[in-house]
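Grab a viewer and work through a few short exercises on the fold below. Try each one yourself before reading the solution.

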Amino acid sequence: MVNKMKEHRKLSDLALLVNEKVNPSKHNEEVLHYSIPAWKEGAPQLVHSKEVESTKFLLPENAVLVSRLNPSVHKTWVLDGESRKYTSIGSTEWAVVVPHDSEDLDYLHAALESPLFQHQMEAYVTGTTNSHQRVRPGRRDVPRPGADPC
């Protein structure tokens with residue numbers, strides 16, 4: 001029998017969560033805003049920081065955003081730092097996951113898209129209605145390279 005625990009690793013072994021917050025309205029610049037509605041459109045919105053009314057996460061160059069809102073519709077977004085001309089900010093509904101080694105960004109994204117990780121996100125849901133569910137903090141595992149992703 002295969003030991004499934006050896007096929008998985010703690011997410012914290014691969015990456016860390018960052019949560020540096022910023023109040024964009026106190027700045028005077030154009031920013032890329034990674035919101036849940038922008039994810040649905042397929043691109044961040046370029047907006048003036050004064051137009052953003054609430055606190056946001058300041059996003060690093062190499063990260064994977066994972067939506068904590070309504071995890072039954074799994075949403076991820078890769079920030080690879082290419083052609084970064086603007087400060088990037090994101091909704092606090094994202095978990096901002098940064099690999100310890102930037103070379104692991106693609107693997108990290110694939111792991112966070114895996115059925116194993118999606119199942120764990122759904123298991124940590126709080127909220128009473130489908131439209132207001134959020135994932136609470138907790139340990140998460142991701143598949144090891146070459147392991148069965150389920």
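The exercises go from the whole chain to a sheet and then to two helices.

**Exercise 1. Take stock of the chain.**
Task: Find how many helices and strands the chain has, and how much of it is buried.

Solution: Keep in mind that this is a predicted model. Step one is the count: the chain holds four helices and 13 strands. Step two is burial, and here 41% of the 150 residues come out as buried. Step three is the surface: about 8,700 Å² is exposed, with 49% of that supplied by carbon and sulfur atoms. Last, check how contacts spread along the sequence. Taking contacts with a separation of 6 or more, 73% link residues 24 or more positions apart.

**Exercise 2. Lay out the five-stranded sheet.**
Task: Work out the strand order of the open sheet and say which strands sit at its edges.

Solution: Start with the order, which reads 3-6-9-4-5, with mixed pairing. The ends of that list are strand 3 (21–22) and strand 5 (45–48), the edge strands, and each pairs on one side only.

Now zoom in on strand 9 (residues 87–90), taking one neighbour at a time. Strand 6 (residues 56–58) runs antiparallel to strand 9, and two bridges join them. You can pin down the register with residue pairs: F57 has G90 as its bridge partner, while L58 stands opposite I89. Strand 4 (residues 30–34) pairs with strand 9 too, but in the parallel sense, over four bridges. For a register mark on this side, use V31, whose bridge partner in strand 9 is T87. As a reminder, strands of a sheet pair through backbone hydrogen bonds, either parallel or antiparallel.

**Exercise 3. Find the buried face of two helices.**
Task: List the buried residues of helix 3 and helix 4, then explain why each set lines up on one side.

Solution: Buried means under 20% relative accessible area. In helix 3 (residues 105–112), that picks out L105, L108, A111 and L112. Look down the axis and these buried residues fall within an arc of 125 degrees, so they line one face of helix 3.

Repeat for helix 4 (residues 115–123), where L116, F117, Q120 and M121 are buried. These cover an arc of only 135 degrees around the axis, which puts them on the same side of helix 4. The spacing rule behind this is simple: an α-helix has 3.6 residues a turn, so residues three or four places apart point the same way.

How values were computed
Residues are numbered from 1 along each chain as its sequence is written. This is a predicted model: local features need pLDDT of at least 70, side-chain atom pairs count only at pLDDT 80 or more; totals for chains, interfaces and linings use all residues. Side-chain values use heavy atoms; hydrogens and water are left out. Buried means under 20% relative accessible area, exposed over 50%, partly exposed in between (1.4 Å probe, protein chains only). Contact means heavy atoms within 4.5 Å. Accessible areas come from the Shrake-Rupley method with a 1.4 Å probe; for residues, only the protein chains shown count as cover. The arc is that of the directions from the helix axis to the C-beta atoms. Two strands pair if DSSP finds at least two bridges between them.
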